[in-house]
Each structure stands twice: as C-alpha cells, then as structure tokens.
Amino acid sequence: MKRSVAFLSPPRRTNRTPSTPTGSFTLKAPTVDLIGPPCPLSNLRPTYYAALFPSLTRATTTPHPYSLTEFPTSPQSARLARVQLQLHAADLEWRLMRYRIDRHDQDFWTRTNRLFLEKREEFVTRSRRQSGKTGDVDDVELAPFYKEHLDRTRSEYAVYNRELWSMQASLLWPSLKAATRSWRWRWELWKAGEAGKDVGGVGAA
C-alpha cells in the first residue's frame, strides 16, 4: 500500500486536549511520513517513518499502566489484538532498519563534508598566502584541490557505495513484507466482521 509523505519540520504534532490540565499536551504520532529540512552539513533530509498503528506509538502526559488490548471483550477481539501487536512489532523492526540506514548515510556525509570543508579552507588559506591575494579563490584555482580530494577519498567512497548497495539489497524482502501488512490487517478485520475500522483497529483511540 502506498504511503503518504508530508514535507514538515516537526517529527510530532502537539495538540491541546480539554481533558488534560491547563498547560499540558497530548503527543500524537503522525499518520504519514514526515520529511524535515536538509541538514546544513550532510545535506540530507531527516525522515520520520510513520507507524502502521500510530495509536500504539502515542505518548501522553498520563500514560495508562496497562494496555487496553490486554482486556479483550470477546475471542474475536482477543485474536485481533494479538494480530495487531504482531504486526506492530514487525512494523517497528522495519522502521528501525530504515533508521539505521539513514543514520549510516548521515554519519558518512557529515564526516566527509566536514573533512572536505576543512581541507578546502586550508587550501584556500595556503593559496592566498602564496599568491598574496585577498579575494575569493575561483574554481579554476580550486581544481588541483578537487582532484586531490577525489584521489584521497576514492577508496572511502568505494567502501561506502558497497555498504550502501548491501544495505539497500537487504531491504528488498522486508519492504515487500511491509507492503502487505496493512492489507493483512484489513483482511483480519474483514474476517472478524469489523471491516469498517481504519488501520488503527483494535485498541485505537
């Protein structure tokens, strides 16, 4: 099932609810993936991957000590609750896999770009000192630095590309299973005669 994506900065929405004391808030997990502004150093946009069951990831100011799914009202509700928790656990594992890859990319490009900027500044300072110039150094004058940088980081880029290809390949089967989970849940709801419920299903609030 295709998932919606929203280009928003905050990873969570904060809504004031009448039932909470004045000045307190209820945090609701987003129902769509959120894309933040690019990091100024890595140039990568952070992503919040929405959960399959946002109601199970919601944090409140007064969390209930028990899950309501622990007290089903019928055998059908008990089975649906078990299935939902199984799907939720698998979805959490899938989201964590993608977060780990995002973290790998963020670390690599932050480290690489920081080194690039430091070395370029050293080159520019050295060039100005040798030439006596005080203005900006143009791309022609920076050409030797770019070549030196590419030669110096060639092996590191090669290692990164191999790791990235490997990690992307490892996502193929999990992504296929992830695409079927929402359909599996709708099928379970249909069998239980609750097809009108949304993907939040049992235990949703």
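**Exercise 1: Aromatic pairs**

Find out how many aromatic pairs this predicted model holds, then classify the pair of phenylalanine 108 and tyrosine 160.

*Solution.* Start with the total: there are 12 aromatic pairs in the structure. Now take phenylalanine 108 and tyrosine 160, whose rings lie 3.9 Å centre to centre with 5° between the planes. Planes under 30 degrees apart count as stacked, and this pair is indeed stacked. Next, place the two residues: phenylalanine 108 belongs to helix H1 and tyrosine 160 to helix H2, so their pairing ties together parts that are 52 residues apart in sequence. Both of these residues are buried. Finally, look around them: Phe108, Trp109, Tyr157 and Tyr160 make up one aromatic cluster.

**Exercise 2: Another pair of rings**

Decide whether the rings of phenylalanine 123 and phenylalanine 145 are stacked, tilted or edge-to-face.

*Solution.* The ring centres of phenylalanine 123 and phenylalanine 145 are 5.7 Å apart, and the planes stand at 35°. Stacked needs under 30 degrees and edge-to-face over 60, so this pair is tilted. Phenylalanine 123 sits in helix H1 and phenylalanine 145 in helix H2, so here the parts tied together are 22 residues apart in sequence. Phenylalanine 123 and phenylalanine 145 are both buried.

**Exercise 3: The course of helix H2**

Compare the distance between the end C-alpha atoms of helix H2 with that of a straight helix, and look for a kink.

*Solution.* Helix H2 runs over residues 139–170, which is 32 residues. A straight helix at 1.5 Å a residue would reach 46 Å, but the end C-alpha atoms of H2 are only 40 Å apart. Now look along the helix: H2 has a kink of about 50°, centred on threonine 153. Thr153 is also one of the buried residues of H2, along with Leu142, Phe145, His149, Tyr160 and Leu164. What do the buried residues of H2 pack against? Their partner is helix H1 (75–131). To finish, go to the start of H2, where a side-chain oxygen of aspartate 138 comes to within 3.2 Å of the backbone nitrogen of valine 140.

**Exercise 4: A loop residue**

Locate asparagine 43, check the sign of its phi, and decide whether asparagine 43 is buried or exposed.

*Solution.* Asparagine 43 is found in the loop between strand S4 (33–35) and strand S5 (47–48). Its phi is near 65°, a positive value. Most residues other than glycine have a negative phi. With 55% relative accessibility, asparagine 43 counts as exposed, because the cut-off is over 50%.

How values were computed:
Residues are numbered from 1 along each chain as its sequence is written. This is a predicted model: local features need pLDDT of at least 70, side-chain atom pairs count only at pLDDT 80 or more; totals for chains, interfaces and linings use all residues. Side-chain values use heavy atoms; hydrogens and water are left out. Helices (H or I, at least four residues) and strands (E, at least two) are DSSP runs, numbered from the N terminus. Buried means under 20% relative accessible area, exposed over 50%, partly exposed in between (1.4 Å probe, protein chains only). The expected span of a helix is 1.5 Å times one less than its number of residues. The bend at a residue is the angle between axes fitted to the seven residues ending there and the seven starting there. Contact means heavy atoms within 4.5 Å. A polar contact is a pair of N or O atoms within 3.5 Å; within protein, one must be able to donate a hydrogen and the other to accept it, and residues adjacent in sequence count only if both atoms are side-chain atoms. Rings of Phe, Tyr and Trp (its six-membered ring) pair if their centres lie within 6.5 Å; planes under 30 degrees apart count as stacked, over 60 as edge-to-face and the rest as tilted.
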